[in-house]
2 protein chains.
Amino acid sequence: MECKPEFQDDRKKEMRAVHDAMDVLNGKWKIYIISSICHYNKRRFSDILEDVVGISNKMLSKELKELEINKLIKRTVLETQPITVQYELTEHGKTLKTIISNLTDWGMKHRKEIIGKD
Amino acid sequence: MECKPEFQDDRKKEMRAVHDAMDVLNGKWKIYIISSICHYNKRRFSDILEDVVGISNKMLSKELKELEINKLIKRTVLETQPITVQYELTEHGKTLKTIISNLTDWGMKHRKEIIGKD
DNA sequence: CCGGATCCCTTGCGATACTG
DNA sequence: CAGTATCGCAAGGGATCCGG
């Protein structure tokens with residue numbers, strides 16, 4: 001966990017790795033969407049729309065598509081009437097749980113640090 | 001690490017925590033700046049400017065100020081000629097190392113998953 | 001060297017309405 | 001219900017110049 005100086009080459013790989021991660025998680029909504037799906041394991045479009053306060057259906061649709069392209073979520077059309085669509089994390093998507101969890105913990109710590117109470 | 005359904009109240013606190021963390025780490029550059037400072041422990045303005053490829057001095061200045069307000073970094077003016085300014089993580093800022101580290105690991109994993117090689 | 005001020009442009013995102 | 005299409009705005013951010 002220490003950040004001591006290392007060889008330049010490793011450093012570049014690290015930077016690239018952070019960059020790769022950021023590319024996927026960018027935008028205003030991705031983390032919240034993943035967090036929502038992750039919390040319930042499976043979640044329908046309209047449910048996510050409610051979970052993620054403030055998002056529009058256009059944005060949700062766009063973000064979900066990007067997440068799917070990056071193989072983080074799996075999209076399943078259920079043959080109900082009317083049709084519903086279910087989203088769930090892929091195995092690869094599940095590896096994000098650690099990050100979400102860290103982020104949550106850190107957010108709580110930060111709130112105490114800055115605001116002074118939880 | 002599992003994401004099983006929990007009581008609504010905990011869920012709301014979780015969401016708020018993620019939100020708090022995102023507020024601080026938002027924008028295009030924060031993570032990279034922190035990553036740069038973290039890697040070297042102490043880092044001068046112009047050095048960070050080089051580390052973070054593509055950032056303008058205006059942006060760097062703005063982002064550093066925000067990070068300082070959130071008590072993640074400490075700013076020190078060195079009385080050299082001309083003046084240089086040094087930035088380092090505060091104790092609180094150092095708690096972000098876990099997240100950066102996880103993000104790095106995940107980025108590498110993701111690259112293998114999507115591109116297929118590192 | 002640090003970083004503020006100005007100008008300007010791009011694009012992310014919201015609102016709304018519409019289709020299968 | 002899930003998703004698409006169109007319009008339009010405002011914030012974010014780049015380029016450049018300036019001052020301490």
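Which residues around DNA strand D come nearest? In this predicted model, they are A:Phe45, A:Ser46, A:Arg75, A:Tyr87 and B:Lys58, out of 19 residues around the strand. Of the atoms of DNA strand D that come within 4 Å of the protein, 60% belong to sugar and phosphate.

Let me turn to individual contacts with the phosphates. The side chain of A:Tyr87 has an N or O atom 2.9 Å from a phosphate oxygen of DNA strand D. For A:Ser61, the corresponding distance from a side-chain N or O atom to a phosphate oxygen of the strand is 3.0 Å. For the side chain of A:Lys65, it is 3.4 Å.

Which elements give two or more residues to the surface near DNA strand D? From chain A they are H3, helix H4 (57–69) and strand E3 (84–89), and from chain B helix H4 (57–69). H4(A) gives the most, with 4 residues. As to the chemistry of this surface, 7 residues are nonpolar, 6 are polar and 6 are charged.

I now come to chain A itself. Chain A contains 6 helices and 3 strands, and from the N terminus on its elements follow the order α-α-β-α-α-β-β-α-α. Why is chain A described as more spread out than a compact globule? Its radius of gyration is 17 Å, whereas the globule rule gives 13 Å for 118 residues; the value for chain A is well over that, so the chain is more spread out than a compact globule. Along the principal axes, the C-alpha atoms of chain A fill a box of roughly 60 × 40 × 25 Å. Of the 118 residues in chain A, 46% are buried.

My last topic is the largest pocket. It holds about 1200 Å³ of space. The lining comprises 43 residues, and those closest to the centre of the pocket are A:Met22, A:Leu25, A:Ile31, B:Met22 and B:Leu25.

Where in the fold does this lining come from? In chain A, helix H1 (8–25), helix H2 (30–40), helix H3 (45–51) and helix H6 (97–114) each supply at least two residues. In chain B, helix H1 (8–25), helix H2 (30–40) and helix H6 (97–114) each do likewise. By class, the lining divides into 22 nonpolar, 8 polar and 13 charged residues.

I would close by drawing attention to helix H3 of chain A, which appears in both parts of this account. H3 of chain A gives two or more residues to the surface near DNA strand D, and helix H3 (45–51) of chain A also supplies at least two residues of the lining of the largest pocket.

Definitions and conventions. Residues numbered from 1 in each chain as written. Chains lettered and ligands numbered in written order. Predicted model: local features only at pLDDT ≥ 70, side-chain atom pairs only at ≥ 80, totals over all residues. Heavy atoms only, no water. 1 Å grid on protein atoms, 1.4 Å probe; cavity = no way out; pocket = protein on both sides within 12 Å on 5 of 7 lines; lining within 4 Å. Points joined across faces, edges and corners; volume = space filled by probe spheres on them. Nonpolar A, V, L, I, M, F, W, Y, C, P; charged D, E, K, R; others polar. Near = heavy atom within 4 Å. Polar contact = N/O pair within 3.5 Å; in protein donor to acceptor, adjacent residues only side chain to side chain. Rg over C-alpha atoms; globule rule 2.2 N^0.38 Å. Buried < 20%, exposed > 50% of the residue type's maximum accessible area, 1.4 Å probe, protein only.
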